Amino acid sequence: MELESLYDLLQLPKGVEPPAEKLPQGGKKKYLPPTSRKDPRFEALQKVLIEWINATLLPEHIVVRSLEEDMFDGLILHHLFQKLAALKLEAEDIALTAASQRHKLTVVLEAVNRSLQLEERQAKWSVETIFNKDLLSTLHLLVALAKRFQPDLSLPTNVQVEVITIESTKSGLKSEKSMEQLTECSTDKDQPPKDIFDELFKLAPEKVNAVKEAIVNFVNQKLDRLGLSVQNLDTQFADGVILLLLIGQLEGFFLHLKEFYLTPNSPAEMLHNVTLALELLKEEDLLSCPVSPEDIVNKDAKSTLRVLYGLFCKHRQKAHRDATPQGAPN
């Protein structure tokens with residue numbers, strides 16, 4: 001590719017060195033031309049994400065003005081992920097050198113990928129791209145975090161922009177145009193089914209306590225043989241211990257003490273327990289709606305009810321069937 005053509009393709013002013021000129025042989029890099037950056041939906045997506053981050057980190061007096069310039073060193077990502085996931089990461093708060101910033105970013109992204117249950121090769125971001133202020137990678141990362149931890153956040157739908165991929169080959173630079181999808185299309189068909197507890201809390205909040213009481217009575221009947229009882233549904237399941245013991249009783253699982261923390265001493269240990277419990281429930285097809293383990297650890301009443309409701313329905317129906325005489329009418 002001629003240098004003149006590269007300037008025209010990337011819409012660069014004369015005198016500005018094309019970044020692609022620095023690519024090693026075999027290297028690839030995506031670029032956003034100015035027309036893509038000025039796309040109204042692309043700009044709206046950045047605005048929503050910036051406002052979301054600033055609202056989330058308001059108690060810590062952190063303000064983001066540019067996703068491209070403010071996220072690369074891992075500092076704000078560190079604070080944001082800890083706040084969203086209710087976790088304490090083993091990373092230094094202030095990283096001044098490039099090496100320490102890169103290390104901090106590595107720790108944060110490894111934790112993010114674990115939480116999102118992504119392998120490194122599946123992620124649309126990397127330490128290298130985020131550290132090099134790649135706006136596309138940063139947006140993919142933030143959209144994934146928002147969908148995971150705040151699914152009710154109203155992101156602009158069907159945001160896609162034209163990108164140019166430059167590849168350095170033996171014969172010179174090659175370019176390819178493509179469309180990059182940042183948020184999903186939205187149709188009525190794609191909408192998830194209404195969740196019973198969203199409806200309950202919204203339309204009949206006065207009945208929430210009655211539902212809690214019924215589920216607590218059910219739980220205590222099943223835990224009685226272990227000498228355990230639950231008084232507060234909102235708080236006593238946050239560390240995952242009672243939840244795991246309840247699942248073991250109801251589903252016939254034997255959990256070795258090495259598999260979970262019987263007396264968790266940190267949010268990370270609590271999160272381990274709750275994540276294990278949710279995995280067991282998924283295996284038994286007992287989760288009707290996605291539940292974030294972080295929400296359980298954070299004592300979110302709706303999420304805790306969703307988890308217990310699947311067990312409640314299955315085993316109350318089983319008890320009813322066992323108590324019905326054979327041949328009795330339905």
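Me: Does Arg148 count as buried, partly exposed or exposed, and at what relative accessibility?
Reply: The model is a predicted one. Buried means under 20% relative accessible area, and exposed means over 50%. Arg148 has 22% relative accessibility, so Arg148 counts as partly exposed.

Me: Which residue does Arg148 meet in a salt bridge?
Reply: Arg148 lies in helix H8 (residues 135-149), and its partner lies in helix H14 (residues 293-297), so the pair ties together parts that are 146 residues apart in sequence. The partner is buried, with a relative accessible area of 2%. The N to O distance is 3.2 Å, and the side chain that Arg148 meets is that of Glu294.

Me: How many residues apart in sequence are the parts that Glu68 and Arg37 tie together?
Reply: Glu68 and Arg37 form a salt bridge, with the closest N and O atoms 3.0 Å apart. Glu68 lies in helix H4 (residues 67-70) and Arg37 in helix H2 (residues 34-37), so the parts tied together are apart in sequence by 31 residues.

Me: Is Arg121 buried or exposed?
Reply: Arg121 forms a salt bridge with Glu119, the closest N and O atoms being 3.0 Å apart. Glu119 is partly exposed, with a relative accessible area of 43%. For Arg121 the relative accessible area is 69%, and exposed means over 50%, so Arg121 is exposed.

Me: How many nonpolar residues are in the contact of H5 with H6?
Reply: The axes of H5 (residues 75-85) and H6 (residues 98-115) are 9 Å apart, at an angle of about 35°. Among the residues that meet are Leu77 and Phe81 in H5 and Leu105 and Val108 in H6. By class, the contact has one charged residue, two polar and, for nonpolar, seven.

Technical notes: Residues numbered from 1 in each chain as written. Predicted model: local features only at pLDDT ≥ 70, side-chain atom pairs only at ≥ 80, totals over all residues. Heavy atoms only, no water. Axes fitted to C-alpha atoms, helices over the stretch in contact; angles between N-to-C directions. Helix = DSSP H or I, 4+ residues; strand = E, 2+ residues; numbered from the N terminus. Contact = heavy atoms within 4.5 Å. Nonpolar A, V, L, I, M, F, W, Y, C, P; charged D, E, K, R; others polar. Salt bridge = Lys/Arg side-chain N within 4 Å of Asp/Glu carboxyl O. Buried < 20%, exposed > 50% of the residue type's maximum accessible area, 1.4 Å probe, protein only.
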